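Please walk through this chain with me, beginning with its overall make-up and moving from there to its core, its rings and its loops.

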Amino acid sequence: MPEAEGQDQAAVEARRDADEARLAEAGAKWRARSRRVQLYRRLLPILIVVLAGGAFTWTVFRTVISGVERKAAQSREVRLDNPMFHGQDAQGRSFLIGAAGAVRDPNTGHFRLNGPVLRLNLGGRKVTQMTADAGIYDEVKRSVTIGPNVKITDGGSGFTLTTPEAVVDTATGVVTGNKGVQGQGPLGTISASSYAIYDQGERVTFNGAGENKVRGTLMPARSAG
């Protein structure tokens with residue numbers, strides 16, 4: 001019996017040691033987890049501040065860089081007040097491109113025109129004049145695109161055209177537009193979807209597309225007396 005009691009006592013002590021080991025292990029894990037939680041609590045506000053500061057710094061950096069790039073592009077632009085561009089078409093007829101102001105784009109070489117005025121067939125029997133709010137002059141391709149609020153007047157016939165856009169080929173003197181046109185003169189009125197002016201105002205053609213047909217009204221000439 002004493003031997004059996006000794007074995008039971010040993011078993012109880014073994015279980016107690018095992019329980020204490022488990023408790024010690026669980027306590028160690030809990031303390032380690034608690035230390036990590038405390039560390040995270042300290043680091044999290046710092047991390048938030050760092051991320052917010054980084055985002056703010058990047059925003060400020062991009063704003064500054066964009067401003068520098070914009071100023072650099074503007075510094076390369078060539079600005080002209082009341083410029084005058086003179087030239088001749090393939091047949092030697094003169095033309096003049098004027099504007100209230102012009103800016104040369106350093107990237108494309110194009111001139112952005114403010115308040116352009118174009119005069120064709122200078123020195124000829126009649127002069128065709130075009131005005132608009134704005135325009136682009138491509139000196140290399142020898143073309144001028146003006147608009148909106150384009151007004152074309154013909155000094156010889158007294159006819160006036162209004163259109164949203166006009167494209168002038170300064171090499172040939174041909175003026176075209178396909179955004180609609182309205183015309184009015186001594187002989188009547190006309191409307192069309194597109195137009196073309198040839199020979200620097202000597203000949204004008206009108207075209208319609210789909211439902212936008214060419215429409216006109218003729219006014220009979222009044223006899224004198």
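**A walk through the predicted chain**

Among the contacts in the chain with a separation of 6 or more, 38% are between residues 24 or more positions apart. The model under discussion is predicted, and its chain holds one helix and 18 strands. Of the 225 residues in the chain, 27% are buried, while the chain exposes about 15,100 Å², with carbon and sulfur atoms supplying 57% of that area.

The interior is a natural place to go next. In soluble globular proteins, nonpolar side chains tend to be buried together. In this model the largest nonpolar core has 24 residues, and those with the most contacts inside it are I97, L113, M130, V144, I146 and V175. Several strands feed this core with at least two residues each, namely β3 (94-98), β5, β6 (117-122), β9 (143-146), β10 (150-154), β12 (166-169) and β16 (194-198). Taking I97 as an example, and leaving aside its neighbours within four places in sequence, one finds it in contact with P83, M84, F85, L113, V117, L118, Y137, V144 and T170.

Two of the residues that I97 touches, F85 and Y137, lead on to the aromatic rings. The chain has three aromatic pairs by the distance rule for ring centres. A pair of aromatic rings is described by the distance of the centres and the angle of the planes. For F85 and Y137 the centres are 5.1 Å apart and the planes stand at 65°, so the pair is edge-to-face, given that angles over 60 degrees are classed in that way. Because F85 lies in strand β2 (residues 84-88) and Y137 in strand β8 (residues 134-138), the pair ties together parts that are 52 residues apart in sequence. Both F85 and Y137 are buried, and together with F111 they form one aromatic cluster. A ring also takes part in an arrangement of another kind, in which the charged end of R203 sits over the ring of Y198, 4.3 Å from its centre.

From the rings we can turn to a pair of buried residues with small side chains or none. S194 has its place in strand β16, and because its relative accessible area is 17%, it counts as buried, the cut-off being under 20%. Not counting residues up to four places away in sequence, S194 touches G177, N178, V181, T205, F206 and N207. G180, for its part, is found in the loop between β13 (174-177) and β14 (181-185), and with a relative accessible area of 17% this glycine is buried although it belongs to a loop. Apart from residues up to four places away in sequence, G180 touches T163, P164, A192 and S193. The C-alpha atoms of G180 and G208, which are 28 residues apart along the chain, are separated by 9.0 Å.

Other loops carry details of their own. D105 lies in the loop between β4 (101-104) and β5 (111-114), where a polar atom of its side chain is 2.8 Å from the backbone nitrogen of N107. Beyond the residues up to four places away in sequence, D105 touches H110 and R112. In the loop between β2 and β3 one meets A90, which counts as exposed because its relative accessibility is 71%. The C-alpha atoms of A90 and T172 are separated by 5.8 Å, with their positions 82 residues apart along the chain.

The backbone geometry deserves a closing look. Most residues other than glycine have a negative phi, and most peptide bonds are trans. Against that background, a cis peptide bond joins G147 and P148, with omega about 5°, and P148 has its place in the loop between β9 and β10. The loop between β9 and β10 also holds N149, which has a positive phi of about 55° although it is not a glycine and which, at 53% relative accessibility, counts as exposed. R142, in the loop between β8 and β9, likewise has a positive phi, near 55°, in a residue other than glycine. With a relative accessible area of 33%, R142 is partly exposed.

Conventions
Residues numbered from 1 in each chain as written. Predicted model: local features only at pLDDT ≥ 70, side-chain atom pairs only at ≥ 80, totals over all residues. Heavy atoms only, no water. Helix = DSSP H or I, 4+ residues; strand = E, 2+ residues; numbered from the N terminus. Buried < 20%, exposed > 50% of the residue type's maximum accessible area, 1.4 Å probe, protein only. Contact = heavy atoms within 4.5 Å. Areas by Shrake-Rupley, 256 points an atom, 1.4 Å probe, with all protein chains shown as cover. Polar contact = N/O pair within 3.5 Å; in protein donor to acceptor, adjacent residues only side chain to side chain. Core = buried A, V, L, I, M, F, W, Y, C linked by side-chain atoms within 4.5 Å. Phe/Tyr/Trp six-rings, centres within 6.5 Å; stacked < 30°, edge-to-face > 60°. Lys NZ or Arg CZ within 6 Å of the ring centre and 35° of its normal.
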